[in-house]
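Please work through the following exercises on strand pairing, burial and pockets. Each task is followed by a solution in steps.

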Amino acid sequence: RYPDPRQEAFKARFATLRGLSSPDHLFVGVGSDEALDLAVRVFCVPGRDAVLTCPPTYGMYSVVAQTNDVRVVRAPLRLDGLDDFDGSGAFVAASEDDAAAAVARPPPRFSLDVPAIAAALRADPLIKIVFLCSPGNPTGTRLDPADIRAVLELPFYHGMVLVDEAYVDFCPDPAHDSVAAWTARYPNLIVTQTLSKAFGLAGVRLGIAIASTDVAAIFNKTKAPYNVSTPASTLAVRAMEPTSLALLRDRIALIAEERKRLVAALRQMPRVGAILGGNHANFVLARVIDDAGRPDNARAVAVYRALAEEDHVVVRFRGNEPGCEGCLRITVGTPEENTVLLACLAERLSASNL
């Protein structure tokens, strides 16, 4: 038989998990990328309209815009501010030792530049979607909900705000850090989530859009009739069972511990500078430096290629993105995988010919 086109069993369980008032707020698609593409097709006119992105960010926002003949306007994230110090996601500066310092602390690196976003939206009234990523990819930084609210409530902007929360389950407090529940009172908000990250079901290819019931209804009418297969739907429903959710929580806790382990080890390695961003995801963003302590893209690329081609260890080179010069994005694996990664990375960074 054909699969259930409405995915009602999964939607009911997922709505309960996320504290939503009704599964009518949900769209289920082939990965969250389908929801990103649908948003552009529904809200933008090809050859005329634009979307706004905040680099460094997930590249798929630009891809779906360009595929649909929609312009891309950019308002970069703030490249100043604090980085997480120890992999805990707490933004504690190394020199802080009193409450006064904490109060005076600047915002995290890779925060939203709300004035720049507002200026871009004023300058181009044909921007129909603002894409935000929280936690960011490749930054790993959770966006301040107050900044997201500020964009949602700009009085002169009448388009949509799409918040990509693919990594939200790795945040210290996902229920507080997510803005998914806000869709009940902000009709201009869409939140995308996925089973590919914390749930570990990337092969299932199942993503979710959370929106007002009106927007969710439009998405469900616009999608292909049987976009999610029966095997994918069955596995997604099983992922919502209590035993599966208990395993999810255990896995997230282990990843958080291993993330701190990676950060501590990376800080001791030669030719590694700052660990950038907030460490609110399942990866860390490490800067490779030259002998003078400056970001070094050439060295980072050499390490990236040697790891992939000789050690069969895959990391991501992100040095061409704003504020990420010399950076490798390193996924937190199992304890055994992380041990191999650290050994290979230390050897490559110590090589005399690097």
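**Exercise 1: Strand β6 and its partners**

Val161 stands opposite Leu189 in β6. The model is predicted, with pLDDT of at least 70 required for local features and 80 or more for side-chain atom pairs, whereas totals for chains, interfaces and linings use all residues. Residues are numbered from 1 along each chain as its sequence is written, and side-chain values use heavy atoms, without hydrogens and water.

Task: determine in which sense β6 pairs with β5 and with β7, and whether the faces of β6 are covered or not covered.

Solution.
1. Strands (DSSP runs of E, at least two residues; helices are runs of H or I, at least four) are numbered from the N terminus, and two strands pair if DSSP finds at least two bridges between them.
2. Strand β5 (residues 160–164) is joined to β6 by four bridges in the parallel sense.
3. With strand β7 (residues 207–211), β6 forms five bridges and runs antiparallel; Thr192 has Ala209 in β7 as its bridge partner.
4. Six of the six residues of β6 (residues 189–194) are buried, that is, under 20% relative accessible area with a 1.4 Å probe, protein chains only.
5. Both faces are covered: Leu189, Val191 and Gln193 lie on one side, and Ile190, Thr192 and Thr194 on the other.

**Exercise 2: An open sheet**

Task: state the strand order of the open sheet of four strands and identify which strands stand at its edges.

Solution.
1. The order is β8-β9-β11-β10, with antiparallel pairing.
2. β8 (272–276) and β10 (316–317) each have a single partner strand, so one side of each lacks a neighbour in the sheet.
3. Between β9 (residues 283–288) and β11 (residues 327–331) there are five bridges, and Val284 is placed opposite Ile330 in β11.

**Exercise 3: The largest pocket**

Task: describe the volume and the lining of the largest pocket.

Solution.
1. A pocket is an open set of points on a 1 Å grid over the protein atoms alone, where a 1.4 Å probe fits, with protein on both sides within 12 Å along at least five of seven lines; lining residues have an atom within 4 Å of a point.
2. The volume, the space filled by probe spheres set on points joined across faces, edges and corners, is about 380 Å³.
3. Of 17 lining residues, Leu17, Arg18, Asp169, Pro174 and Ala175 lie nearest the centre.
4. α10 (242–267) and α7 (174–177) each supply at least two lining residues, and α10 gives the most, with four.

Methods: Buried < 20%, exposed > 50% of the residue type's maximum accessible area, 1.4 Å probe, protein only.
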